[in-house]
Amino acid sequence: MSQIIAVTSGKGGAGKSFTSVGIATALSCLKKKVIILELDVGLRCIDVMLGIENKIVYDLGDVINENCNISDAIVKTNVNDYFDYIPAPTNIDTNFDFENALQCIRVLRRMNYDYIIIDTPAGVGLSLLSIRKLSDLAIIVTTPDLTCVRDGAKVASLLESYDFKNYKLIINKVQKQSFKNSPIHNLDDVMDGVGASLLGVVPIDAQFEKCMFNGIPLSSNDKILSIFTAIAKRIEGEYVSLIIEKI
Ligand SMILES: Nc1ncnc2c1ncn2[C@@H]1O[C@H](COP(=O)(O)OP(=O)(O)O)[C@@H](O)[C@H]1O
Ligand SMILES: [Mg+2]
C-alpha cells in the first residue's frame with residue numbers, strides 16, 4: 001500500500017512545492033516509486049520546476065471533470081523512471097472540490113506507488129482538512145521567520161485538533177542571517193514555535209532556486225540531493241543525522 005505524504009504550510013512561499021520535488025527526487029533515486037499530486041489549484045508550478053511544462057496534456061481538473069482517466073494525466077518526469085507527476089489545473093475550476101481529489105488519491109493508491117506526495121495549497125482550509133483523512137504523514141514546511149513559524153503552529157494545532165498526530169517539520173530557507181535581530185534565535189525556537197519534531201533543515205541557496213527556475217533536475221545538484229536523501233531516509237525510518245553544519 002502506498003504511503004501518502006501531505007506537504008503543507010501555513011504560508012505560501014515557504015517551499016512546499018520545492019520540498020515536494022526534493023523529497024520525490026530523493027525517494028526516486030533510492031528506487032522508490034513516487035508520484036506527486038499537485039493540489040495547488042490555479043497555481044501550478046511543479047511542471048516548470050521539473051522542466052516538463054511542454055509535456056502536460058491533461059491535469060487533475062480533467063480527471064475530476066471526466067475528460068480523461070487518471071492514467072492519462074500521469075506525466076513521466078525527466079528525473080528517472082521512478083518519479084511521476086499529476087499537474088494541478090491552471091484554471092480555478094468551480095467543479096473542483098477536495099472530496100474529488102480524495103477520490104483520485106484512492107485510485108492512485110491502487111497503482112503500486114511506494115509514495116504519493118501531495119503538494120497542498122497553503123493555509124488551514126478545506127484542503128488540509130480533507131487531505132489529512134487519507135495521509136499517513138503531514139510535513140509542515142516553515143521558514144525561520146516569526147510569521148511563518150506562527151502559521152506553522154496553527155497548522156500543527158489544527159491537525160492535533162483532528163487527532164492527526166503524525167506530522168513533522170522541515171525548516172526551509174535557513175541561512176546564518178535568519179536568526180540575527182529576530183525573536184527566533186535558533187532552530188530549536190522554530191521547532192518549539194511550531195510544536196513539531198524535525199524531519200530536516202534545508203538552507204536557502206541561489207543554486208537551488210536556479211535549478212527550479214530552469215527545470216534542472218535537483219538530482220544534478222549534489223548538495224540538494226544529499227539534504228533530501230537524508231530526509232527521504234528518515235521518512236523510510238532510517239536514523240540519519242542532520243546536515244546542519246553545511247548551512
Ligand atoms: N531552500 C531554498 N533555496 C532557494 N530557493 C528556494 C528554496 N526553497 C524554495 N525556494 C524558492 O522559493 C520560491 C517559493 O517556493 P515554493 O516551493 O513555490 O513555495 P510554496 O509551494 O510553499 O508556495 C520558489 O521560487 C522556490 O524555487
Ligand atoms: Mg506551491
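1. A quick term before we start: a residue is near a molecule if one of its heavy atoms lies within 4 Å of that molecule. With that in hand, have a look at ligand 1 in this predicted model. It is surrounded by 18 residues, and the closest of them are G13, G15, K16, F18 and P203.

2. Where does ligand 1 sit? Turn the model until you can see the largest pocket, and you'll find ligand 1 in there. Several elements give two or more residues to the shell around ligand 1: helix 1 (16-29), strand 7 (167-174), strand 8 (197-203) and helix 9 (206-214). Helix 9 provides the largest share of that shell, with four residues.

3. What kinds of residues make up the shell around ligand 1? Sorted by class, there are nine nonpolar, five polar and four charged residues.

4. Now for some polar pairs worth clicking on. K16 has a polar side-chain atom 2.7 Å from an oxygen atom of ligand 1. E209 also places a polar side-chain atom by an oxygen atom of the ligand, at 3.0 Å. For N172, the partner is a nitrogen atom of ligand 1, which lies 2.9 Å from an N or O atom in the N172 side chain. As for how covered the ligand is, ligand 1 taken alone exposes 560 Å², and the protein buries 86% of that.

5. Let's leave the ligand and visit S182, in the loop between strand 7 and helix 8 (187-194). Is S182 buried or exposed? Its relative accessible area is 15%, and buried means under 20%, so S182 counts as buried. Its side chain reaches the backbone nitrogen of I184 at 2.9 Å.

6. T143 is another loop residue to check, sitting between strand 6 (137-142) and helix 7 (146-161). Its relative accessible area is 8%, so T143 is buried by the under-20% cut-off. Which side chain does the T143 side chain contact? The partner is the side chain of D145, in a polar contact at 2.3 Å.

7. Last stop: T229, which belongs to helix 10 (residues 222-235). Why does T229 count as buried? Because its relative accessibility is 17%, and the cut-off for buried is under 20%. If you'd like a distance to try in your viewer, pick the C-alpha atoms of T229 and D59: they are separated by 28 Å, and the two residues are 170 residues apart along the chain.

Notes: Residues numbered from 1 in each chain as written. Chains lettered and ligands numbered in written order. Predicted model: local features only at pLDDT ≥ 70, side-chain atom pairs only at ≥ 80, totals over all residues. Heavy atoms only, no water. Polar contact = N/O pair within 3.5 Å; in protein donor to acceptor, adjacent residues only side chain to side chain. Areas by Shrake-Rupley, 256 points an atom, 1.4 Å probe, with all protein chains shown as cover. 1 Å grid on protein atoms, 1.4 Å probe; cavity = no way out; pocket = protein on both sides within 12 Å on 5 of 7 lines; lining within 4 Å. Sits in = over half its atoms within 2 Å of the grid points. Nonpolar A, V, L, I, M, F, W, Y, C, P; charged D, E, K, R; others polar. Buried < 20%, exposed > 50% of the residue type's maximum accessible area, 1.4 Å probe, protein only.
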